[in-house]
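Subject: Structure for you to look at

Hello,

Here is the structure I promised to pass on. Please open it alongside this message and follow along as you read.

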Amino acid sequence: MTLTRADLAKLPSYVPGRSVPGAIKLASNEVPYGPLPGVVDAVVEAATSAHRYPDMGVVALRQKLADRLGVPAERVATGCGSVALAEHLVRAACLPGDEIVYSWRSFEAYPIIAATAAAASIQVPNTAEHAHDLPAMAAAITSKTRVVIVCTPNNPTGTPVRRAELTEFLDTVGPDVIVVLDEAYREFVTDPDVPDGLAEFGDRPNVVVLRTLSKAWGLAGLRIGYLVAQLDVADAVRKVVTPFSTSAAAQAAALAALDQDEEMRRRADLVIAERTRVYDALRGLGQDVPETQANFVWLPLRDSAVPFAQVCEANGVIVRAFAGDGVRVTIGTAEENDAFLNAAEKALAS
Ligand SMILES: Cc1ncc(COP(=O)(O)O)c(C=O)c1O
């Protein structure tokens, strides 16, 4: 007899990237350059009203996002990280027993989000190239499917979904199934064949785009993400959002960060240049690293994943191992990446 739902016992707990004092942390896909200019001042200013509830409608931020994205503010919902919005969306769309289709391996929050809603996870294996298998995902849709999640670029493999395959997929999926385009890493995409899901597909009635300010915009610690959907879906999501879960500090920080477009772009470009360097170096070490359009690389090391991460940690670099599968390494500063590449060379030689 348990006091909580017995089915949750089978659920893996979310494992956050490890932090070890003094070590270089390349385990959580953060950007290494600190908050954008103006963010700290905005948070300090917001903190002077910390005894007040925040604006529950998140009006200023939703309007600012809407103006940038060229959509009405009514189509935008914000939340305590895009992961919370994914949870809210599933809560708004699924009843117990409904199905959620997603690629696997992908973002490890997806199984937890599905289980929380008592929905069934239908996991479609990635291709041999570690990418989404969109035809197989389309084939996995049944009359019980309410949501399909397309993570592009995919966490943790970095692989993107390209325009032609996504168009074909969206044309195949029925109008009664929500397709979530999780674009947490959109700002790191350089391949012109990888579509901007919002600009190119956001007007479809069943498409929902998830974005975050945690990654390129440097606000992971303040928890702020957003979703753009058609009015009815956005409205339903806002109804189930935990009240006041977008804090005043997060709103102020996001408003300040969004004024720093150029600096965000400069920093993202540094990450992209380093990504190429790290990718080339790992390929040079004989590693079968898949193409990546995100701020991390994937090493499909299988049984060597955990020992590899242990050697990295012993050399002062924390990376993210998925036992029996692979290791995800976030792109850091040039010095951090050098430290990782040194550690990787040792790990692969051991
Ligand atoms: C694919 C993907 N989606 C969503 C998120 C959630 O980001 P946040 O909740 O910080 O906005 C992450 C974070 O790692 C992610 O990798």
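Below is what I found, taken element by element.

First, a caution: this is a predicted model.

**The three-stranded sheet**

A good place to begin is an open sheet of three strands, ordered β9-β12-β11 and paired antiparallel. Its edge strands are β9 (296-299) and β11 (320-322), each of which pairs on one side only. From one strand to the next, the twist averages 20 degrees. Helix α11 (residues 305-314) packs on this sheet and touches β9, β11 and β12. The direction of α11 makes about 165 degrees with that of β11.

As for the pairing itself, β9 and β12 run antiparallel and are joined by four bridges. Within that pair, Trp 298 has Arg 328 of β12 as its bridge partner. On the other side, three bridges join β11 to β12 (residues 326-330), again antiparallel, and here Ala 321 is partnered by Val 327 in β12.

The side chains of β9 are worth a look too. Phe 296 and Trp 298 point one way from the strand, Val 297 and Leu 299 point the other way, and all are buried. Phe 296 also has a charged companion: the charged end of Arg 328 sits over its ring, 5.9 Å from the centre.

**A buried asparagine beside it**

Which residues does Asn 29 contact, leaving aside its neighbours within four places in sequence? They are Asn 155, Tyr 185, Lys 215, Asn 295, Phe 296, Arg 328 and Thr 330. Asn 29 itself lies in the loop between β1 (24-25) and α1. Its relative accessible area is 1%, so Asn 29 is buried. If you display Phe 296 and Arg 328, the ring and the charge described above, you will find both among the contacts of Asn 29.

**Helix α1**

The loop that holds Asn 29 leads us to α1. Asp 41 lies in this helix, which covers residues 39-47. Is Asp 41 buried or exposed? Its relative accessibility is 60%, and because exposed means over 50%, Asp 41 counts as exposed. The C-alpha atoms of Asp 41 and Ala 256 are separated by 8.9 Å, although these residues are 215 apart along the chain.

**Strand β7**

Next, have a look at β7 (residues 207-212). Six of its six residues are buried, so the strand is largely enclosed by the rest of the structure. Both faces are covered: Val 207, Val 209 and Arg 211 are buried on one side, and Val 208, Leu 210 and Thr 212 on the other.

This strand has partners of both kinds. Strand β6 (residues 178-182) runs parallel to β7 and is joined to it by four bridges, with Leu 181 partnered by Val 209. Strand β8 (residues 225-228) runs antiparallel to β7, also through four bridges, and there Thr 212 stands opposite Gly 225.

**Aromatic pairs**

The count of aromatic pairs comes to seven. One of them is Phe 107 with Tyr 110, an edge-to-face pair at 5.4 Å centre to centre with 85 degrees between the planes. Both Phe 107 and Tyr 110 are buried. Another edge-to-face pair is Phe 308 with Phe 340, at 6.3 Å centre to centre and 65 degrees between the planes. This pair links distant parts of the chain, since Phe 308 belongs to helix α11 and Phe 340 to helix α12 (residues 334-349), 32 residues apart. Phe 308 is buried, with a relative accessible area of 3%, and Phe 340 counts as buried at 1%. There is a cluster as well, in which ring pairs link Tyr 102, Trp 104, Phe 107 and Tyr 110.

**Two packed helices**

Finally, helix α3 (residues 82-93) packs against helix α8 (residues 231-240), with their axes 8 Å apart and an angle of about 105 degrees. How do they lie relative to each other, roughly parallel or roughly perpendicular? Angles of 65 to 115 degrees count as roughly perpendicular, and α3 and α8 are therefore roughly perpendicular to each other. On the α3 side, the contact is made by Leu 85, His 88, Leu 89, Arg 91 and Ala 92. On the α8 side, it is made by Val 233, Ala 236, Val 237 and Val 240.

Happy browsing, and best wishes.

Terms used:
Residues numbered from 1 in each chain as written. Predicted model: local features only at pLDDT ≥ 70, side-chain atom pairs only at ≥ 80, totals over all residues. Heavy atoms only, no water. Pairing = 2+ DSSP bridges. Axes fitted to C-alpha atoms, helices over the stretch in contact; angles between N-to-C directions. Contact = heavy atoms within 4.5 Å. Buried < 20%, exposed > 50% of the residue type's maximum accessible area, 1.4 Å probe, protein only. Phe/Tyr/Trp six-rings, centres within 6.5 Å; stacked < 30°, edge-to-face > 60°. Lys NZ or Arg CZ within 6 Å of the ring centre and 35° of its normal. Parallel < 35°, antiparallel > 145°, perpendicular 65-115°, else oblique.
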